[in-house]
Amino acid sequence: MHPIAKPFLVRAADILGYDKTHLTRVVAYKEIDAFLDGLGSERLDALEISAGWKWRERPWRSFAEMNWPEHDICRERLDGQYDVIIADNVFEHLRYPHRAACNVHAMLRPGGTFINITPFLIRHHAVPIDCTRWTETGMVHFLEEAGFDPALMSTGSWGNISAVKANFRRWARRGWQRRLANDPDFPITVWAIAQKR
């Protein structure tokens, strides 16, 4: 491809409405964005574990990152306390997710919220390792064992057979796909919103 062609195609895709978001994340992001809009994120102190592009773009009172390998959420806690802690497709890569969830619980202020997004029906992706998957029910039990009250949790999942197939060989983007039908028997993504008492 000619060196000028790639930037042109990227800009053209943006103009024409091609969505570059990973197909596995589109619905979860929409649901969690709506939740955070309702909280008023501009009044909240947020921490993201292994931060990416998505959540740092949102307006927060403050935003901090706890990135591996400088910080290991399985072994350590930061000194601060936060209103919101986000783990966006991180917990499946942790050797000790229970320890990490306990550390998250300890770093939340009372009434604070943990947002955990994980894949379910998706291929193995060792970055650097790939260890765990949860259903919505499994996520509730997992977070309850870390100190979160199930009565203060909500979960969601999204997927369908086409989305599962689309991710067999590559990470599919939403692209121009308009249909985001959900089939509960084929969740590719599971998320939980858990509040600390």
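What follows is a short conversation between a trainee and a mentor about this predicted model.

Residues are numbered from 1 along each chain as its sequence is written, and side-chain values use heavy atoms, with hydrogens and water left out. In this predicted model, local features need pLDDT of at least 70 and side-chain atom pairs count only at pLDDT 80 or more, while totals for chains, interfaces and linings use all residues.

Trainee: How many helices and strands are there in the protein chain?
Mentor: Helices (H or I, at least four residues) and strands (E, at least two) are DSSP runs, numbered from the N terminus. Along the sequence they follow the pattern α-β-α-β-β-β-α-β-α-β-α-β-β. The count for the protein chain is five helices and eight strands.

Trainee: What percentage of the 197 residues count as buried?
Mentor: Buried means under 20% relative accessible area, exposed over 50%, and partly exposed in between, using a 1.4 Å probe and protein chains only. On that scale, the buried share of the 197 residues is 46%.

Trainee: Among contacts between residues at least 6 apart in sequence, what percentage join residues at least 24 apart?
Mentor: Let's settle the term: contact means heavy atoms within 4.5 Å. Of the contacts in the protein chain that link residues at least 6 apart, the share joining residues at least 24 apart is 72%.

Trainee: At what angle do the axes of α3 and α4 cross?
Mentor: Axes are lines fitted to C-alpha atoms, for helices over the stretch in contact, and angles run from 0 to 180 degrees between N-to-C directions. The axes of α3 (residues 97-107) and α4 (residues 136-145) come within 8 Å of each other, and their crossing angle is roughly 65°.

Trainee: Is the crossing of α3 past α4 left-handed or right-handed?
Mentor: A crossing is left-handed if the near helix is turned anticlockwise from the far one by less than a right angle, and right-handed if clockwise. For α3 passing α4, the crossing is right-handed.

Trainee: Which residues of α3 and α4 make the contact?
Mentor: By class, the contact has four nonpolar, one polar and one charged residues. Here Ala, Val, Leu, Ile, Met, Phe, Trp, Tyr, Cys and Pro count as nonpolar, Asp, Glu, Lys and Arg as charged, and the others, Gly among them, as polar. From α3 come Pro97, His98 and Ala101, and from α4 come Phe142, Leu143 and Glu145.

Trainee: What covers the buried residues of α3?
Mentor: The buried residues of α3 are Pro97, Ala100, Ala101, Asn103, Val104, His105 and Met107. Their cover includes β2, β3, β4, β5 and α4.

Trainee: Leaving aside neighbours within four places in sequence, which residues is Glu144 in contact with?
Mentor: Glu144 is found in helix α4, and it counts as partly exposed because its relative accessibility is 40%. Its C-alpha is 9.6 Å from that of Ala101, although the two are 43 residues apart in sequence. Beyond its sequence neighbours, Glu144 is in contact with Pro150 and Met153.

Trainee: Which residue does a cis peptide bond join to Trp68?
Mentor: Most peptide bonds are trans. The bond that starts at Trp68 is cis, with omega about 10°, and its partner is placed in the loop between β3 (62-66) and β4 (82-88). That partner is Pro69.

Trainee: What is omega for the cis bond from Val127 to Pro128?
Mentor: Pro128 has its place in the loop between β5 (108-119) and α4. For the cis bond leading into Pro128 from Val127, omega is near -5°.

Trainee: Is Asn89 buried or exposed?
Mentor: Asn89 is found in the loop between β4 and α3, and has a positive phi of about 60° although it is not a glycine. With a relative accessible area of 12%, Asn89 is buried.

Trainee: What is the volume of the largest pocket?
Mentor: On a 1 Å grid over the protein atoms alone, a pocket is an open set of points where a 1.4 Å probe fits, with protein on both sides within 12 Å along at least five of seven lines, and lining residues have an atom within 4 Å of a point. Grid points are joined across faces, edges and corners, and a volume is the space filled by probe spheres set on the points. For the largest pocket that volume is about 740 Å³.

Trainee: Which residues are closest to the centre of the largest pocket?
Mentor: The lining divides into 17 nonpolar, eight polar and eight charged residues. Of the 33 lining residues, the closest to the centre are Ser50, Asn89, Val90, His93 and Val127.
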